[in-house]
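Hi,

Here is the structure I promised to pass on. Have a look at it first, and then read my notes below.

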Amino acid sequence: MTGSVHPRQLAFALPHAESLTRDNFLEGPANGAGLALIDSWPDWPNRIMLLVGPEGSGKSHLAAIWAEQSGARSTSAHALTAAAVPGALATGALVVEDLKPADFDERAMFHLMNLAREDGAYVLMTARVTPSAFEAELRDLRSRLRAVPVVSLLPPDDRLFRALIVKFCADRQLAVDEAVVGYLATRIERSYAAVRQAVELLDTEALRLGRPVTRALAAELLRGG
């Protein structure tokens with residue numbers, strides 16, 4: 001056969017820095033209660049608090065801000081063990097990320113909640129669902145979890161949604177104009193996860209194709225989506 005074959009340009013997934021500072025947090029009605037909780041520390045209504053919100057809603061960002069303020073250590077709920085609890089609470093403050101039903105050691109969590117209360121330590125947990133979804137086998141743990149005050153993060157309003165698009169693009173060092181932001185804001189699902197996914201797609205394909213991120217490129221990639 002004649003003719004030339006043009007090789008497909010590979011796009012390498014290079015790490016990008018996502019700033020988790022207080023100054024870089026985008027505040028709006030959807031997450032105002034969460035930010036107010038962080039800013040009110042240590043005057044919390046309870047020493048153990050739970051931030052609940054959908055994927056990508058800013059739970060980890062808020063937790064990082066609080067950890068910086070409080071000197072908290074951080075662990076994932078899945079990785080927590082009973083033996084590690086005393087060390088985890090050594091600074092008097094702890095972030096427990098991504099608490100999921102049936103995906104954590106119940107005895108470790110029960111030990112954590114008891115020791116935190118005894119030591120007067122602060123614990124900030126994050127989850128995507130409220131404690132009513134946690135059908136823990138340990139009855140006492142189930143009641144303890146359901147007694148933890150919940151602060152909810154809501155889906156973003158239009159202003160915050162557009163600001164998130166700009167922020168996620170900036171985190172990836174993508175230059176976008178209002179045409180791109182406006183197109184994305186009206187074409188993708190109104191969720192944090194959808195923004196992150198769309199921006200990641202734009203970044204990857206713009207690099208692969210050697211093209212700038214424009215409204216035309218966004219339309220090509222999201223058409224029919």
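Let's begin with a charge and a ring: Arg196 lies over the face of Phe168, at 4.5 Å from the ring centre. Keep in mind throughout that this is a predicted model.

Next, the aromatic rings. The structure holds five aromatic pairs. One of them joins Trp41 and Trp66 in an edge-to-face arrangement, with 6.2 Å from centre to centre and 85 degrees between the planes. What does that pair tie together? Trp41 lies in the loop between helix H1 (32-40) and strand E1 (48-52), while Trp66 belongs to helix H2 (residues 59-70), so the pair links parts that are 25 residues apart in sequence. The two partners are not equally covered: Trp41 is partly exposed, with a relative accessible area of 23%, whereas Trp66 is buried, at 0%. Both also belong to one aromatic cluster, which is formed by Trp41, Trp44, Trp66 and Tyr122.

Since Trp66 sits in H2, that helix is a good place to go next. H2 has 12 residues, which at 1.5 Å a residue should span 16 Å; its end C-alpha atoms are 16 Å apart, so the two agree. Which residues of H2 are buried? They are Lys59, His61, Leu62, Ala63, Ile65, Trp66, Ala67 and Ser70. These buried residues pack against H1, E1, E3, E4 and helix H6 (158-171). After H2 comes Gly71, whose phi is positive, near 75 degrees.

Now for the nonpolar cores. As background, nonpolar side chains in soluble globular proteins tend to be buried together. The largest nonpolar core here has 27 residues, and Leu89, Leu99, Met109, Met125 and Leu145 touch the most other members. Elements giving two or more residues to this core are E1, helix H3 (85-88), strand E3 (93-99), helix H4 (106-119), strand E4 (122-127) and helix H5 (139-147). Which element gives the most? That is H4, with six residues.

To see one member up close, pick Leu145. Leaving aside residues up to four places away in sequence, Leu145 touches Leu99, Phe104, Met109, Met113, Met125, Pro131 and Phe134. Apart from this core lies another, of 25 residues, with Leu160, Val180, Ala185 and Val195 among them.

If you want a starting point on screen, try Trp66, since this residue is buried and is in the aromatic cluster with Trp41, Trp44 and Tyr122.

Cheers

Notes. Residues numbered from 1 in each chain as written. Predicted model: local features only at pLDDT ≥ 70, side-chain atom pairs only at ≥ 80, totals over all residues. Heavy atoms only, no water. Phe/Tyr/Trp six-rings, centres within 6.5 Å; stacked < 30°, edge-to-face > 60°. Helix = DSSP H or I, 4+ residues; strand = E, 2+ residues; numbered from the N terminus. Buried < 20%, exposed > 50% of the residue type's maximum accessible area, 1.4 Å probe, protein only. Lys NZ or Arg CZ within 6 Å of the ring centre and 35° of its normal. Core = buried A, V, L, I, M, F, W, Y, C linked by side-chain atoms within 4.5 Å. Contact = heavy atoms within 4.5 Å. Expected span 1.5 Å × (residues − 1).
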